Amino acid sequence: MVSLYDGGVYLVNGTEIVPEAEAGKVKALTGKEADKETARKGTIAYSILEAHNVSGNMDHLKLKFDAMASHDITFVGIVQTAKASGMEKFPIPYVLTNCHNTLCAVGGTINEDDHMFGLSAAKKYGGIYVPPHIAVIHQYMREMMAGCGKMILGSDSHTRYGALGTMAVGEGGGELVKQLLQDTYDVAYPGVVAIYLTGRPMPGVGPQDIALAIIGAVFKNGYVKNKVMEFVGPGVASMSTDYRNGVDVMTTETTCLSSIWRTDDDTESYLSQHGRGEDYRKLDPADVAYYDGCVYVDLSTVKPMIALPFHPSNVYEIDELNSNLEDILRSVEKEAEKVGGGRASFTLLDKIENGKLKVQQGIIAGCAGGNYTNVIEAAHALKGRSCGNDEFSLAVYPSSQPVFMDLVKKGAVSDLMAAGAIIRTAFCGPCFGAGDTPCNNGLSVRHTTRNFPNREGSKPGNGQMAAVALMDARSIAATAANGGILTSALEFDCWDDVPAYEFDHTAYDTRVYQGFGHGDASQPLIYGPNIKDWPEMSPLSENILLKVCSKIMDPVTTTDELIPSGETSSYRSNPLGLAEFTLSRRDPEYVGRTKEVDKLEKARVNGQDPVSLDPELAQVFQQIRQIPGQEKVKIMDTEIGSVVYAVKPGDGSAREQAASCQRVIGGLANITKEYATKRYRSNVMNWGMLPFQMEAEPDFEVGDYIYVPGIRSILDGELSQIKAYVLGSQNREITLYIADMTPEEREIVKAGCLINFNRNRQKQ
């Protein structure tokens, strides 16, 4: 079904895969010896990166993007940061969508206040503003902004438009701020992995099935981590562009950096249909292209899949699950015990009825599930059938008003409603816990993007726990038609009869504010009472004292655990207000601990001896002075901050608040074995925290102090071996390191955060 090559490969004429170890075959196919360095330049990714790189050095890229996109739980902070850094206008098209805090259901006026702030920013700086319910962020970008050979940067991790020939990257807000200041996105040239598609999906197999099969093969082994996934091979042509979009958006769950697909007549048709035929050009790898790996996917062998809680990589064929139901569900229940932490329980074995799994809810939504093709197929499956009037419910969210309009014209909406489905407007809520939260102990099957612990909105700390399994819209519809009994789409025979989509742009013409290039600096920004400026952050001192305020030994820590999604999203315009939720689902005592440390640092910065607040510090500094070379260290010259240890933090969302929330209440560093994603590590640095790593097991506990001397000077040089000391009756030396940092990243951390760095540049 899906297999991985061990090592690099050459792709010859777009169809022949030659393992690097058999490079001699390249000459037999082409008449020329394989030239690896030349062939590296033959990927689609290389040509696009080269066109956007301004460094002159393809090993160390400095990229400028063609457009950007944010939504209403990220754009306020980005605009605030850029404004504080001296931005006067949006230099490239910047789309501000309102698809996350859409419902305006939490906190009084604060959600709509954020929307009005976004509109005022579009007017002032020259942006594009998409009001609530009009489109989810990625569907609007597909329909109106993506094009062949372009690059787009978004403050949402699922920023992926590869199926339209666009290399798109999801990052934290700091990276978007850099583009707004006409700086660059700096990254070492990434590896490029071929996703070679052959065959064609069988009827009833949808894009989520293909995506889950790939995710299951590559996530845990890190095969494509921080690399570009390049979709090639004859199987690409077997899928419509709308279908490809559904596969492409899920590449984020592999932890890749970006994605790109070969383009063809169907790509051109899609762009022309959306009034942008001029944005098409054919993209194909060169006759000989070298890839750092290859994922071989025979589309014809992929069957309907399910990703059980609590990760998109926890995948099974639905038939396989149904054949081994008790054993597999029992293993998920054991994982649920860890997630619940004794505060809440979640069970699955009790959901078996007559040997079948009964689910309580189905959702088809967002940038992955709400596409036209998925919804029309679901409507066909449910036409003349019923979801039943028992506990099972189904909700469908078309991804944009144009998609919704055509579904209405085609009769799909009335067919779904007649079957008992609830139709909603474009909204991302089910993807991050802000809409359709299941009942306690309920299992929801969803064609959305993620199923991390409690991402659906439940709160173990309050004794609530539900869970999500990811499935394709087709199998969800089949399950709905059976009243919630888990059912593979292959049990139905109604697929692949999809009428051509007819795009109607009038919903965008009448409601979207098109302000790019027409900013008016005299226009005021409109602030609601919850919108707060970033607090001041101090520059890094030469020596630092870190107090361990959380130690997380889980194999992976998601951004949802670092800062929960759901209703907390309403407070993302209020840095200190949001920070109260930091690690609340994983380590509820963390906030109290780090705020006590922050009091010490604030006292020091204000000229007050921190010992007056915590007499323990006097003994701590006596221990520091026992370290050779540190005999004369002074408390008032040593920065004090908290540190979080996690084995592998940052899987999932691009949200910068996963880092900024630590920073604004005293965080000064993370220590890890590795960072799950580049974007989380970037967020850590952009918010002035040190991205430490260590190879050894952590021999320190919550409450311990770690002293790092000379760190500011160290940032000017070699970062591979950094001496630090766990303080105690016997000080213990440990070795930390920091992976490669660009010169700009080093200066950002020394400045204390990106805002300080930019302010310092203005003064020069």
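These legends go with close-up views of a predicted model.

**View 1. Six strands form an open sheet.** Let's begin with the order of the strands, which reads 9-8-5-6-7-25. Their pairing is mixed. Where are the edge strands? Look for strand 9 (167-170) and strand 25 (513-514), each of which pairs on one side only.

**View 2. Strand 5 and strand 6 pair in the parallel sense.** Here we zoom in on residues 67-70, which make up strand 5, and residues 94-97, which make up strand 6. Three bridges join this pair. To find one of the residue partners, start at Met68 and look to strand 6, where Tyr94 is its bridge partner.

**View 3. Helix 4 lies across strand 5 and strand 6.** This helix spans residues 75-84. Compared with strand 6, helix 4 runs at about 140°.

**View 4. Helix 10 (residues 265-273) has buried residues, including Thr267.** Tyr270 and Leu271 are buried in helix 10 as well. Why are these residues on the same side of helix 10? Their arc around the axis covers only 95°, so they share that side. What do the buried residues of helix 10 pack against? Their neighbours in this view are helix 6 (137-144) and helix 9 (241-248).

**View 5. Asp264 caps the N-terminal end of helix 10.** Follow the side chain of Asp264 to one of its oxygens, which lies 3.1 Å from the backbone nitrogen of Asp266. Now move along to Gly275, just after helix 10. There, the phi of Gly275 is positive, at about 75°.

Definitions and conventions: Residues numbered from 1 in each chain as written. Predicted model: local features only at pLDDT ≥ 70, side-chain atom pairs only at ≥ 80, totals over all residues. Heavy atoms only, no water. Pairing = 2+ DSSP bridges. Helix = DSSP H or I, 4+ residues; strand = E, 2+ residues; numbered from the N terminus. Contact = heavy atoms within 4.5 Å. Axes fitted to C-alpha atoms, helices over the stretch in contact; angles between N-to-C directions. Buried < 20%, exposed > 50% of the residue type's maximum accessible area, 1.4 Å probe, protein only. Arc of directions from axis to C-beta. Polar contact = N/O pair within 3.5 Å; in protein donor to acceptor, adjacent residues only side chain to side chain.
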